[in-house]
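Dear colleague,

I am passing on the structure we spoke about, and it follows directly below. After it you will find my notes on what turned up, beginning with the charged side chains.

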Amino acid sequence: MTVTKGFAKKEYVGAGIILVRLTEAGPRYLVLKGMRSGIWSFSKGHPETVDRGAPLRTAVRETFEETGYVNGRDYHIVGDAIRFGKRPYWLGVVDDRSGAPPMKLSRTEHTEAAWMSRDEIANLESNTDVRAWARKAMVASNFTRLLTTVQNNSESIITHMDAEAEAEASIST
């Protein structure tokens with residue numbers, strides 16, 4: 001399980017997951033356009049009682065509620081949380097080979113979803129977390145190192161995802 005360094009012990013305003021697809025054209029990140037605000041954000045949300053004070057639970061639950069994506073099936077969290085703006089965020093690598101249904105955008109919260117490059121995201125009208133990420137993501141050593149590791153090891157990550165899926169299938173049979 002991913003450890004939340006420094007976040008579990010103090011109050012948190014919410015948490016999120018930055019979903020990324022690794023494409024030949026470079027990484028593409030999922031951003032969602034808010035229904036009420038009209039601004040773009042990553043999948044994120046506020047804690048609820050069911051999260052039991054755990055930011056990672058909040059992030060995984062909110063990502064499912066907003067996109068229908070399931071951690072461990074549609075994406076896999078890699079690395080520890082990194083704070084951009086007000087919340088801790090985890091990097092979630094989307095497994096396009098999962099055969100999972102397409103994203104189910106929460107129409108009560110968002111009007112659009114798009115997979116964009118960092119440069120495209122930098123030009124959006126976005127929330128403070130996304131603006132902070134766009135300014136700092138490529139210079140934040142933790143995030144840059146994590147993304148580089150993911151890109152350089154995408155084959156081993158896919159192999160790991162396959163092994164997890166096989167293990168889960170054998171448990172359920």
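**Salt bridges and the overall fold**

A salt bridge joins the side chains of Glu-62 and Arg-61, with N and O 3.0 Å apart. Glu-62 and Arg-61 belong to one network, in which salt bridges that share partners also bring together Glu-48, Asp-51 and Glu-65. Please keep in mind throughout that this is a predicted model, so that every value here is computed from predicted coordinates.

Within this network, Arg-61 also forms a salt bridge with Glu-48, where the closest N and O atoms are 3.4 Å apart. That pair links distant parts of the chain, since Arg-61 sits in helix α1 and Glu-48 in the loop between β4 and α1, 13 residues apart. The partners differ in their exposure: Arg-61 is buried, at a relative accessible area of 13%, and Glu-62 is likewise buried at 6%, whereas Glu-48 is partly exposed at 42%.

Asp-51 is found in the loop between β4 (43-45) and α1 (55-67), and with a relative accessible area of 2% it counts as buried, because the cut-off for that class is under 20%. Its side chain makes a polar contact with the side chain of Arg-61 at 2.7 Å, and the side chain of Asp-51 also reaches the backbone nitrogen of Glu-48, at 2.8 Å.

Across the whole structure, the search finds 9 salt bridges. One of them is formed by the side chains of Glu-120 and Arg-28, at 3.5 Å from N to O. Glu-120 lies in helix α2 (residues 118-122) and Arg-28 in strand β2 (residues 26-34), so this pair ties together parts that are 92 residues apart in sequence. Both residues are partly exposed, Glu-120 with a relative accessible area of 40% and Arg-28 with 23%.

Another aspartate, Asp-95, lies in the loop between β6 (87-94) and β7 (110-116) and is buried, with a relative accessible area of 10%. The C-alpha atoms of Asp-95 and Arg-21 are separated by 7.6 Å, although the two residues are 74 apart along the chain.

As for the protein as a whole, there are 5 helices and 7 strands, which run β-β-β-β-α-β-β-β-α-α-α-α from the N terminus on. Of its 173 residues, 43% count as buried, and the accessible surface comes to about 9,500 Å², of which 52% belongs to carbon and sulfur atoms. Among contacts between residues at least 6 apart in sequence, 70% join residues at least 24 apart.

With best regards

Definitions and conventions. Residues numbered from 1 in each chain as written. Predicted model: local features only at pLDDT ≥ 70, side-chain atom pairs only at ≥ 80, totals over all residues. Heavy atoms only, no water. Helix = DSSP H or I, 4+ residues; strand = E, 2+ residues; numbered from the N terminus. Buried < 20%, exposed > 50% of the residue type's maximum accessible area, 1.4 Å probe, protein only. Polar contact = N/O pair within 3.5 Å; in protein donor to acceptor, adjacent residues only side chain to side chain. Contact = heavy atoms within 4.5 Å. Areas by Shrake-Rupley, 256 points an atom, 1.4 Å probe, with all protein chains shown as cover. Salt bridge = Lys/Arg side-chain N within 4 Å of Asp/Glu carboxyl O.
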